[in-house]
Amino acid sequence: MSGQVPEMLYLDGEFMPLTEGRVGVEDRGFQLGDGVYEVVRIAGGKLIWLDDHLDRLRWSLGEIRMVGALRDHVLGVVIPRLLQLSGVGEGTVYVQVTRGAAPRDFPFPPETRATVLAYTRPLEPSPVDAILAGVTVHPVDDIRWARCDIKSTNLLGAVLAKQTARDAGAQEALFVGAGRVVREGGSSNVFAVFGGEVWTHPADARILNGITRRHIVELAAGLGIAVVEREFTLEELEAAEECFLTSTSRDVMPVVGVGGRPLAGGRPGPVTLALTDALRAEIARLAGLPAPALLRRA
Ligand code: PMP
């Protein structure tokens, strides 16, 4: 099909190339970070776990008292249409809803119309070599607000943390809260293996309950791998048998170093690779793609 634009935008009822999108200066998303968002994975030209993402978006909107914001925007139709118009096979859809434009003031304006947008972006999945090489993480104090379960566009805590990690030569920040508890990554959830059991932070207000995290928990159950939702400290993590991160755009990323020191022998472990394989196979199945080669060595 001709005329497809990989970076295609839906903005308040209209479709256009991303570069043509304009939002008002007094949009509360821009001035106050008064909005929520989602990132949905595209694989094999299909939307992966779209319903999960739309459910979480509606939940986030409820938590910031924006029930009904999507009334005039049927995202379950808009997003597949965006995909057609863009022709993207591998990539993401970014979806954002803000409390709209109004004279700058903190409380909700008497009348608002939400600004609703979504756009596609091509992104190749991580190559096998990169997955097997793993990533390193850099611990930072978790200075974020106390409602990290809401997928808010207020991301300054993550921006600063991820830059600090990059400056330290690491690929991801590791948020460490009170009592040295490991919360999550800068934009990912954290899992660690202790005594063959997989531990991850409980899905409370201190972390974002990732869609990938939820599916990893399910897939682990199917493989007979025990997952326990419980806190662990940075010191415990440093002695973990294995560690990995999960997110929509990067699937599973084995962690091979923390704070400049190797973790778990500096290479991805068997539980991590089994779960990476299971997630990659499940995404390929949903995408209608051939099953990917297994990473787990016999
Ligand atoms: N935690 C945080 C803080 C994130 O920003 C993200 C990704 N947006 C995640 C976890 C992973 O969530 P998901 O698997 O839904 O992408």
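**Close-up views of a predicted model**

**View 1. Asp-149 sits in the loop between strand S7 (135–141) and helix H5 (156–167).** The model shown in this and the following views is a predicted one. Asp-149 is buried, because its relative accessible area is 15% and a residue counts as buried under 20%. Once neighbours within four places in sequence are left aside, Asp-149 is in contact with Trp-59, and also with Asp-204, Ala-205, Ile-207 and Leu-208.

**View 2. The protein as a whole, given here as a setting for the other close-ups, has eight helices and 15 strands in its secondary structure.** The radius of gyration of the protein is 20 Å, close to the 19 Å that the globule rule gives for 298 residues, so the protein is as compact as a globular protein of that length. Taken along the principal axes, the box filled by the C-alpha atoms is roughly 55 × 45 × 35 Å. Of the 298 residues, 51% are buried, and the protein exposes about 14,200 Å², of which carbon and sulfur atoms supply 54%. Among contacts between residues at least 6 apart in sequence, 72% join residues that are at least 24 apart. The protein has 31 positive and 37 negative charges, and the mean positions of these two sets are 1 Å apart.

**View 3. Thr-115 belongs to strand S6, which covers residues 115–122.** With a relative accessibility of 9%, Thr-115 counts as buried, because the limit for that class is under 20%. The side chain of Thr-115 makes a polar contact with the side chain of Asp-27, at 2.5 Å. Asp-27 also appears in the list of residues that Thr-115 touches when residues up to four places away in sequence are not counted, a list that further holds Leu-11, Asp-12, Val-23, Gln-96, Val-97, Thr-98, Gly-100 and Ala-101.

**View 4. Asp-251 lies in strand S14, which covers residues 251–258.** Asp-251 counts as buried, with a relative accessibility of 12%. The side chain of Asp-251 makes a polar contact with the side chain of Arg-41, at 2.5 Å. Not counting residues up to four places away in sequence, Asp-251 touches Arg-41, Thr-212, Leu-245 and Thr-246, together with Leu-279, Arg-280 and Ile-283. Ile-283 is 32 residues from Asp-251 along the chain, and the C-alpha atoms of these two residues are separated by 9.3 Å. The backbone deserves a look as well: most residues other than glycine have a negative phi. Phi of Asp-251, a residue other than glycine, is a positive value near 55°.

**View 5. Arg-180 is placed in the loop between strand S8 (172–176) and strand S9 (182–185).** Although Arg-180 is not a glycine, its phi is positive, at about 65°. The relative accessible area of Arg-180 is 42%, so this residue is classed as partly exposed, the range between the 20% limit for buried and the 50% limit for exposed.

**View 6. Leu-32 is found in helix H1, which covers residues 28–32.** Leaving out residues up to four places away in sequence, Leu-32 touches Arg-104, Asp-105 and Phe-106, as well as Asn-154. Along the chain, Leu-32 and Asn-154 are 122 residues apart, while their C-alpha atoms are separated by 8.0 Å.

**View 7. Arg-214 is found in helix H6, which covers residues 211–223.** At 32% relative accessibility, Arg-214 counts as partly exposed. Apart from its neighbours within four places in sequence, Arg-214 is in contact with Arg-56 and Asn-209. The view may also take in Arg-230, which is 16 residues from Arg-214 in sequence and 15 Å from Arg-214 in space, C-alpha to C-alpha.

Key:
Residues numbered from 1 in each chain as written. Predicted model: local features only at pLDDT ≥ 70, side-chain atom pairs only at ≥ 80, totals over all residues. Heavy atoms only, no water. Helix = DSSP H or I, 4+ residues; strand = E, 2+ residues; numbered from the N terminus. Buried < 20%, exposed > 50% of the residue type's maximum accessible area, 1.4 Å probe, protein only. Polar contact = N/O pair within 3.5 Å; in protein donor to acceptor, adjacent residues only side chain to side chain. Contact = heavy atoms within 4.5 Å. Rg over C-alpha atoms; globule rule 2.2 N^0.38 Å. Areas by Shrake-Rupley, 256 points an atom, 1.4 Å probe, with all protein chains shown as cover. Lys, Arg positive; Asp, Glu negative; His and termini not counted. Charge placed at Lys NZ, Arg CZ, Asp CG, Glu CD.
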